[in-house]
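Me: I have a model open and would like to go through the reasoning behind its labels. Could you take my questions in turn?

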Amino acid sequence: MEVYFTGIIIAISTFLIIGFFHPIVIKAEYYTGTHLWWVFLIVGIACCVGALFIANTLLSAVIGVFGASSLWGIGELFSQKKRVEKGWFPMNPKRKHEYSPIDKNETLCPVHHGKSI
């Protein structure tokens, strides 16, 4: 019986990449706000396109997951701003003017257009 580790390596890599993006999104929003969303876009597109041209399955999958996580980070960056406005995360006092008051009942779900269900 042969044992293949590719799937478990991809799973662990995905877990670590998502864990990597969590603090990156928080720090990016704290220090720059949502202004750098385009960096996440460029990195995400570049990685996803690059993954199409990598023959090694493992490396292609990991680069693709990194790209998809970067693209997902764009939405999380804007959601993080709302979390700060709700008081769930600290606000950067140097950028206080960029935040608007938010209804404490407002949801972060884009499907419900910001209204609680």
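Me: How many helices and strands does the chain have, and what makes a stretch count as one?

Reply: The chain has three helices and zero strands, and along the sequence they follow the pattern α-α-α. Helices (H or I, at least four residues) and strands (E, at least two) are DSSP runs, numbered from the N terminus. Please keep in mind that this is a predicted model, in which local features need pLDDT of at least 70, side-chain atom pairs count only at pLDDT 80 or more, and totals for chains, interfaces and linings use all residues. Residues are numbered from 1 along each chain as its sequence is written, and side-chain values use heavy atoms, with hydrogens and water left out.

Me: How do you know whether the span of α3 agrees with what is expected of a helix?

Reply: The expected span is 1.5 Å times one less than the number of residues. Helix α3 covers residues 57-85, 29 residues in all, so it should span 42 Å, and its end C-alpha atoms are indeed 42 Å apart. For α1, with 27 residues, the first and last C-alpha atoms are 37 Å apart, close to the expected 39 Å.

Me: Where is the kink in α3 centred, and what is meant by the bend there?

Reply: The kink is centred on I74 and amounts to about 30°. The bend at a residue is the angle between axes fitted to the seven residues ending there and the seven starting there.

Me: What is found at the start of α3, and what follows the helix?

Reply: At the start, a side-chain oxygen of N56 comes within 3.0 Å of the backbone nitrogen of L58. That fits the definition of a polar contact: a pair of N or O atoms within 3.5 Å, where within protein one must be able to donate a hydrogen and the other to accept it, and residues adjacent in sequence count only if both atoms are side-chain atoms. Just after α3, G87 has a positive phi of about 90°. G33, which follows α1, also has a positive phi, near 75°.

Me: Why is N92 called buried?

Reply: Buried means under 20% relative accessible area, exposed over 50%, and partly exposed in between (1.4 Å probe, protein chains only). N92 has a relative accessible area of 6%, so it is buried. N92 lies in the segment after α3, and its side chain reaches the backbone nitrogen of K94 at 3.0 Å. Not counting residues up to four places away in sequence, N92 touches Y30, Y31 and Y99, where contact means heavy atoms within 4.5 Å.

Me: What about K86 and E85, buried or exposed?

Reply: K86, in the segment after α3, has 9% relative accessibility and therefore counts as buried. E85, which belongs to helix α3, is at 13% and so counts as buried too. A polar atom of the E85 side chain lies 3.2 Å from the backbone nitrogen of S100. The C-alpha atoms of E85 and Y99 are 6.3 Å apart, although 14 residues separate them along the chain.

Me: Why is L71 called partly exposed?

Reply: Its relative accessibility is 32%, so L71 falls in the partly exposed class. L71 is in helix α3 and, leaving aside neighbours within four places in sequence, is in contact with F40, L41, G44, I45 and C48. I24, in helix α1, has a relative accessible area of 34% and is therefore partly exposed as well.

Me: What makes up the largest nonpolar core, and what qualifies a residue for a core?

Reply: A nonpolar core is a set of buried Ala, Val, Leu, Ile, Met, Phe, Trp, Tyr and Cys residues joined through side-chain atoms within 4.5 Å. Here the largest has seven residues: I17, F21, V25, A28, F40, I74 and L77. The elements giving two or more residues to this core are α1 (6-32) and α3, and α1 supplies the largest share, four residues. In soluble globular proteins, nonpolar side chains tend to be buried together.

Me: Which elements do the buried residues of α1 pack against?

Reply: They pack against α2 (37-52) and α3. The buried residues of α1 are S13, I17, F21, V25, A28 and E29.

Me: How many of the residues count as buried across the chain?

Reply: Of the 117 residues, 27% count as buried.
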